[in-house]
Amino acid sequence: MPLLPPFVQALDQGIHAIDTGFHREHFDAAYLIVECGRVAFVDTGTNFGVPRLLAALEALGLAPADVDLVIPTHVHLDHAGGVGLLMTHLPNATAWVHPRGARHLIDPRALVAGATAVYGEEEMARSYGRIVGVPAGRVRETADGMTVELAGRRLQFLDTPGHARHHHCVWDERTRGFFTGDTFGLSYREFDSARGPWLLPTTTPVQFEPEALKASVQRLLSFEPACMYLTHFGRVGEVARLGAELLEQIDAMVALGRALQDAPRRHEALKHGLLAQYVERVARHGCDFTPGRIAELLAIDLELNAQGMGIWLDRERAAAAS
């Protein structure tokens, strides 16, 4: 067994989780799959995570030329911001992306502009760097149900909207696990308890669609997976329990949003309401955290979930008025 860097965790059946170092440790993962000496990456993190991905290859005795597939689950920058830069190091790889995301992978200007509107120019430079496009000839669009092989290992794509319309999940038959991106929520290891992992849904601007997200989660569960490989963060089991809790929380978010549709300072009210939900659920899960500590660990998610909910509420109101 090779000596791996501390940011690489060997799972099983050739799968490795790589902590990309985004924001904090154990927040953002990329996955490396090895099959008969050939390699696939699923999600990449940002540009600043690319050195870790290349170091993981080297530690496993693999070369950049051994990588055949780079698969972002969707084109949000914490998942795909590093794809273009990584591809410059991988002479034989093709990037496999949802058809709604392909143009953004090739020409990231609109994606960068949208992210800059959310985060601001200073944060974009600090967290993401300069986003590099992928040559169109190296990009492949996926379709719902299609498969691609990594040295004979079948990986199947499922169209999974709800978090974003450009989201697909990747089914690995070998381990009966899905690489879920953001569709199956977030599960940070700090919240593990004697009951196991805890998770929460993630919306983010601008395409949160709760009914579509519930349908996507239910579709993943219909495969009866043994595990889920989450970008945020790591492999989790107990899939049926987590899936039921995720669906329940999506319903709770919808109820909260509709109750606060016309609230003064709605964004802050949504954040406060979400935090109250998380505090109650984390306590029930058996974690002895103060509300302040929960707010600290989930600060980014509280902000983005409130933003995503606000945009969904406004879109729903506009649709009702038209």
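**Exercise 1. Find what joins β1 to β2 in this predicted model, and look for a positive phi in the turn.**

Solution.
Step 1. β1 and β2 make a hairpin, with four residues between them.
Step 2. In that turn, Gln 13 has a positive phi of about 55°.
Step 3. The two strands run antiparallel and are joined by three bridges.
Step 4. Take Ala 10: its bridge partner in β2 is His 16.

**Exercise 2. Decide whether strand β2 (residues 15-19) is enclosed or not, and name its partner β3 residue for Ile 15.**

Solution.
Step 1. Sort the side chains by direction. Ile 15, Ala 17 and Asp 19 point one way, His 16 and Ile 18 the other.
Step 2. Check burial. Five of the five residues are buried, so β2 is largely enclosed by the rest of the structure.
Step 3. Turn to β3 (residues 29-35). β2 pairs with β3 in the antiparallel sense over five bridges. Ile 15 has Ile 33 as its bridge partner there.

**Exercise 3. Classify the ring pairs Phe 22–Tyr 128 and Phe 27–Tyr 188.**

Solution.
Step 1. The count of aromatic pairs comes to 14. For Phe 22 and Tyr 128, the centres are 5.5 Å apart and the planes at 45°, so this pair is tilted.
Step 2. Place the residues. Phe 22 lies in the loop between β2 and β3, Tyr 128 in the loop between α6 and β7, 106 residues apart. Both are buried.
Step 3. For Phe 27 and Tyr 188, the centres are 5.4 Å apart and the planes at 15°. Planes under 30 degrees apart count as stacked, so this pair is stacked.
Step 4. Phe 27 and Tyr 188 are 161 residues apart. Both are buried.
Step 5. Phe 22, Phe 27, Tyr 128 and Tyr 188 form one aromatic cluster.
Step 6. Add a charge: the charged end of Arg 24 sits over the ring of Tyr 188, 4.8 Å from its centre.

Definitions and conventions
Residues are numbered from 1 along each chain as its sequence is written. This is a predicted model: local features need pLDDT of at least 70, side-chain atom pairs count only at pLDDT 80 or more; totals for chains, interfaces and linings use all residues. Side-chain values use heavy atoms; hydrogens and water are left out. Buried means under 20% relative accessible area, exposed over 50%, partly exposed in between (1.4 Å probe, protein chains only). Two strands pair if DSSP finds at least two bridges between them. Rings of Phe, Tyr and Trp (its six-membered ring) pair if their centres lie within 6.5 Å; planes under 30 degrees apart count as stacked, over 60 as edge-to-face and the rest as tilted. A charge sits over a ring if NZ of Lys or CZ of Arg is within 6 Å of the ring centre and within 35 degrees of the ring normal.
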